Amino acid sequence: MKRLLTILLLAVSIVSRATVWHVATTGNDGTGDGTVGTPWLTIAYAISQSSSGDSIYVTAGTYNVTAQMSVPVEISIYGAGATSIIASSSAIQAIFLLESATEGTDGSQSISHLRMTGGDEVDYGIYVIARSNVLIHDCEFDGFESTAIQNRGGTSGGTGRPVTWATGNKIYNNTITDCGYDVLDGGTLWLAYGGGIQITGQTECEVYSNDISNGEGYGWGIRCLNDSGFIKGTKIYDNDISEIGRASCRERV
């Protein structure tokens, strides 16, 4: 009985360590403590102060970022809905990089309710590599050169079959506009590059209820098996894809 009580107290202690940190445009990374009353100023600093199980709440406002933000496992980030993150440097490959060195690593995290704006030289909004159980939902993406959301299960650049497949990843309720681009190949055929969502190395992945309009970008709406990757047991449904453009239409003929 005494041993059981000790285990229960330890479990409660572990759960109690999970914290919701706050970021606001009026915050301060130097004098703030991440609480709702004295929030931090930048998302990057909040990530650096977070531990497994923590969440970062980004209040409404506009946040300009000049460097890619790497998000460890078991750290979630969510916004107030009117939260806008603008990539203001061409040196950024992705606004958020969720990368693990071991395939199938359990991310147990989500990114949600954020509005992300890229630019002609910013490749990705969110790039996930070798992680499972990552949820990306209720976000808005606009103007990323390559892809709004890229999820790659393997660690080999997407060119080989994963040893351990990523599983349990979900991408849903996102709005994606003008991501990806196309090129004229040999003067006769338009080829799409990137687009709204690209996935590879996934099993039991779900992609649903996303609104994708690639506008001037003419990239793919949703692309599986990118970079010669592998997909199995994946469900894609109830997505609204429009204005895919000449590139994808030509590719589908």
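**Reading sheets, charges and rings in a predicted model**

Guide: Let us begin with a charge above a ring: in this predicted model, Arg-161 lies over the face of Phe-230, at 5.5 Å from the ring centre. A second case involves a lysine, for the charged end of Lys-232 sits over the ring of Trp-165, 4.5 Å from its centre.

Visitor: How should I read the sheet, and in what order do the 8 strands of the open sheet stand?

Guide: As a general idea, the strands of a sheet are paired through backbone hydrogen bonds, in either a parallel or an antiparallel way. Here the pairing is parallel, and the order across the open sheet is S1-S2-S5-S8-S11-S15-S21-S25. Strand S1 (20–23) and strand S25 (235–237) are at the edges with a single partner strand each, so one side of each has no neighbour in the sheet. On average, neighbouring strands of this sheet are turned by 10° against each other, with direction ignored. At the S25 end, strand S21 (residues 206–208) pairs with S25 over 3 bridges in the parallel sense, and Val-207 stands opposite Ile-236 in S25.

Visitor: Which strands pair with S12?

Guide: Strand S9 (residues 115–119) pairs with strand S12 (residues 140–144) in the parallel sense over 4 bridges, while S12 and strand S16 (residues 175–177) pair, also in the parallel sense, over 3 bridges. Glu-140 in S12 is the bridge partner of Arg-115, and in S16 the bridge partner of Glu-140 is Thr-175.

Visitor: How many salt bridges does a search of the whole structure find, and where do the partners of Glu-140 and Lys-170 lie?

Guide: The general idea is that side chains of opposite charge can pair when their charged atoms come close. The search of the whole structure finds 2 salt bridges. Glu-140 forms one with Arg-115, the closest N and O atoms being 3.4 Å apart, and this pair links distant parts of the chain, with Glu-140 in strand S12 and Arg-115 in strand S9, 25 residues apart. Glu-140 is partly exposed at a relative accessible area of 34%, and Arg-115 is partly exposed at 32%. Lys-170 forms a salt bridge with Glu-206, where the closest N and O atoms are 3.8 Å apart; Lys-170 lies in strand S15 (residues 170–172) and Glu-206 in strand S21, so the pair ties together parts that are 36 residues apart in sequence.

Visitor: How are the rings of Tyr-57 and Tyr-78 placed, and how those of Tyr-172 and Tyr-208?

Guide: In general, a pair of aromatic rings is described by the distance of the centres and the angle of the planes. The count here comes to 8 aromatic pairs. Tyr-57 and Tyr-78 have ring centres 5.1 Å apart and planes at 45°, so the pair is tilted; Tyr-57 is in strand S2 (residues 55–58) and Tyr-78 in strand S5 (residues 76–79), 21 residues apart. For Tyr-172 and Tyr-208 the centres are 5.0 Å apart and the planes at 0°, so the pair is stacked. Tyr-172 is buried at 14% relative accessible area, and Tyr-208 is buried at 16%. Apart from these tyrosines, Trp-21, Trp-40 and Tyr-45 form one aromatic cluster.

Visitor: Why does Cys-224 not bond to Cys-205?

Guide: A disulfide is, in general, a covalent bond between the sulfur atoms of two cysteines. The sulfur of Cys-224 is 8.0 Å from the closest cysteine sulfur, in Cys-205, which is too far for a bond. The search of the whole structure finds 0 disulfides.

Methods: Residues are numbered from 1 along each chain as its sequence is written. This is a predicted model: local features need pLDDT of at least 70, side-chain atom pairs count only at pLDDT 80 or more; totals for chains, interfaces and linings use all residues. Side-chain values use heavy atoms; hydrogens and water are left out. Two strands pair if DSSP finds at least two bridges between them. Helices (H or I, at least four residues) and strands (E, at least two) are DSSP runs, numbered from the N terminus. Axes are lines fitted to C-alpha atoms, for helices over the stretch in contact, and angles run from 0 to 180 degrees between N-to-C directions. A disulfide is a pair of cysteine sulfur atoms within 2.5 Å. A salt bridge is a side-chain nitrogen of Lys or Arg within 4 Å of a carboxyl oxygen of Asp or Glu. Buried means under 20% relative accessible area, exposed over 50%, partly exposed in between (1.4 Å probe, protein chains only). Rings of Phe, Tyr and Trp (its six-membered ring) pair if their centres lie within 6.5 Å; planes under 30 degrees apart count as stacked, over 60 as edge-to-face and the rest as tilted. A charge sits over a ring if NZ of Lys or CZ of Arg is within 6 Å of the ring centre and within 35 degrees of the ring normal.
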